[in-house]
Amino acid sequence: MNAPLRIWHPFTQEALDPQPLRVARGEGAHLYLEDGRRVIDAISSWWVSIHGHCHPAIMAAIARQAEKLDHVLLAGFTHAPIEELCALLRGVLPAGLDHIFFSDNGSTAVEVALKMAVQYWRNTGQPRKTSIVALEHAYHGDTVGAMSASADSSFTDPFGSFRFPVYRAHSAYCYRCPVGKTRASCDIECVERLAQLLEARSDEIAAVIVEPLLQGAGGMIVHPVEFLRRVRELCSRYDTLLIADEVLTGFGRCGAMFACDLAGVTPDLMCLSKGLGGGVLPMGGTVATGRVHNTFVGDDHSRTFYHGHSYTGNPLAAAAAVASLKIFEAEPIFDRIAAIAEIHRQRLAAITNHPAVGDTRSIGTVAAIELRADDPGYSSGRRPKLYRFFLERGILLRPLGHILYVLPPFCISADDLHYVYDRIAESLESCPAR
Ligand SMILES: Cc1ncc(COP(=O)(O)O)c(C=O)c1O
């Protein structure tokens, strides 16, 4: 008899990490375990579950669509749900972004953007422009291109020879300012590194990729709005494409539909996923301006974007995405987002001077507490202890090393969110510094 087929869990060290918990069902901001426990999903199940689990409108839309069309390839075919999705996205995307290329997750949305940027310059007769600039602390996904643009970390260590080289510009990480300034008096000098890179190398740089306003996995680092504006200006001045990876920040997460909206910035390419599929079914999208798209059109096949994934534009995922965008219209989502943001601000203010806390920061529905640690970084000994501490109290939080963050579904109740913060306050007293 063959041994049973066992699940190889993501980001998991089987020899050290706790056994996975068996989840029976989800509803709103809660997960219900098979053993009867209820857990507050305070990280929206890896940042996807914007409307909470099993929103009835999304479930019903998927069920209705399942009776009509499960899947069809998107080359040579189209269908109603994907077209309806485009119509709704048109209403919320920044003006100027008017072509969307679908894929099926955040990493593929990034891969597509990187490849489009490189081919864009080839199509315009500048084939030398193939290099990418990315930020320190960046995280863009785990496929090879996305991993190349991501910062060096324990995630990327084994693949050093495999990743293509990218130029690194400073992140506007104010708490650990890369140029030794303080936010109160700085003039965003951290952007100078990018300016110098573009000045020296714009003839070879295809694109600058950023997570706009919020670097997620790198530590929930919140950037000043002015930083993103300057990046946009520099990209325009040096004729380089700007890729905004809104995989995490899109769909209300940062307080506006897209983080770029908060800065009044339109990128040349925008990557979408996570909330795009309503947090229910996988879907990725790379949105391009007409300027980019039009260079791929012509009677010469060499201009074609030869890229595609089997499940591109899947009708069930598209139906979920449509239902999700309709929820933004039918329910007071932005009021809920504002209420979460206010609780974040109040509760962070109350702990920011605690001796265990190095920095607190928030944007929209995302709040982060950077703890003082003897061993800062993703492998900090604080991570497993905090993870266990919160789970034992019915809360799913997955600290990024010594950085604790709260990123709840928009439907979380004020009571639940305060409960999370009450337990965070307790953890500051009881969890050791390493
Ligand atoms: C900003 C950003 N880009 C890309 C990705 C990759 O998305 P996926 O995990 O769906 O491949 C993530 C995932 O967390 C992300 O936060």
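User: Buried means under 20% relative accessible area, and exposed means over 50%. In this predicted model, does C190 count as buried or exposed?
Analyst: The model is predicted, so the answer rests on computed values. The relative accessibility of C190 is 8%. Because the cut-off for a buried residue is under 20%, C190 counts as buried.

User: How many disulfides does a search of the whole structure find?
Analyst: A disulfide is a covalent bond between the sulfur atoms of two cysteines. The pair counts if the sulfur atoms are within 2.5 Å. For C174, the closest cysteine sulfur is in C186 at 6.2 Å, which is too far for a bond. For C190, the nearest is that of C177, 6.1 Å away, and the search of the whole structure gives a total of zero.

User: What is the relative accessible area of C174?
Analyst: Partly exposed covers the range between the 20% and 50% cut-offs. C174 is in that class, with a relative accessible area of 33%.

User: Which residue has a polar side-chain atom 2.7 Å from a nitrogen atom of the ligand?
Analyst: Polar side-chain atoms of N105 and S107 do not fit, as each is paired with an oxygen atom of the ligand, N105 at 3.4 Å and S107 at 2.5 Å. The side chain with a polar atom 2.7 Å from a ligand nitrogen is that of D245.

User: How many residues of the shell around the ligand are charged?
Analyst: The residues around the ligand include W47, Y139, H140, E211, D245 and K274. The shell divides into four nonpolar and five polar residues, and the charged ones number three.

User: Where does the ligand sit?
Analyst: The protein covers 83% of the 390 Å² of accessible area that the ligand has on its own. The ligand's site is the second largest pocket.

Terms used:
Residues are numbered from 1 along each chain as its sequence is written. This is a predicted model: local features need pLDDT of at least 70, side-chain atom pairs count only at pLDDT 80 or more; totals for chains, interfaces and linings use all residues. Side-chain values use heavy atoms; hydrogens and water are left out. A residue is near a molecule or strand if one of its heavy atoms lies within 4 Å of it. A polar contact is a pair of N or O atoms within 3.5 Å; within protein, one must be able to donate a hydrogen and the other to accept it, and residues adjacent in sequence count only if both atoms are side-chain atoms. Accessible areas come from the Shrake-Rupley method with a 1.4 Å probe; for residues, only the protein chains shown count as cover. On a 1 Å grid over the protein atoms alone, a cavity is a set of points where a 1.4 Å probe fits but cannot get out, and a pocket is an open set with protein on both sides within 12 Å along at least five of seven lines; lining residues have an atom within 4 Å of a point. A molecule sits in a cavity or pocket if more than half of its atoms lie within 2 Å of its grid points. Ala, Val, Leu, Ile, Met, Phe, Trp, Tyr, Cys and Pro count as nonpolar, Asp, Glu, Lys and Arg as charged, and the others, Gly among them, as polar. Buried means under 20% relative accessible area, exposed over 50%, partly exposed in between (1.4 Å probe, protein chains only).
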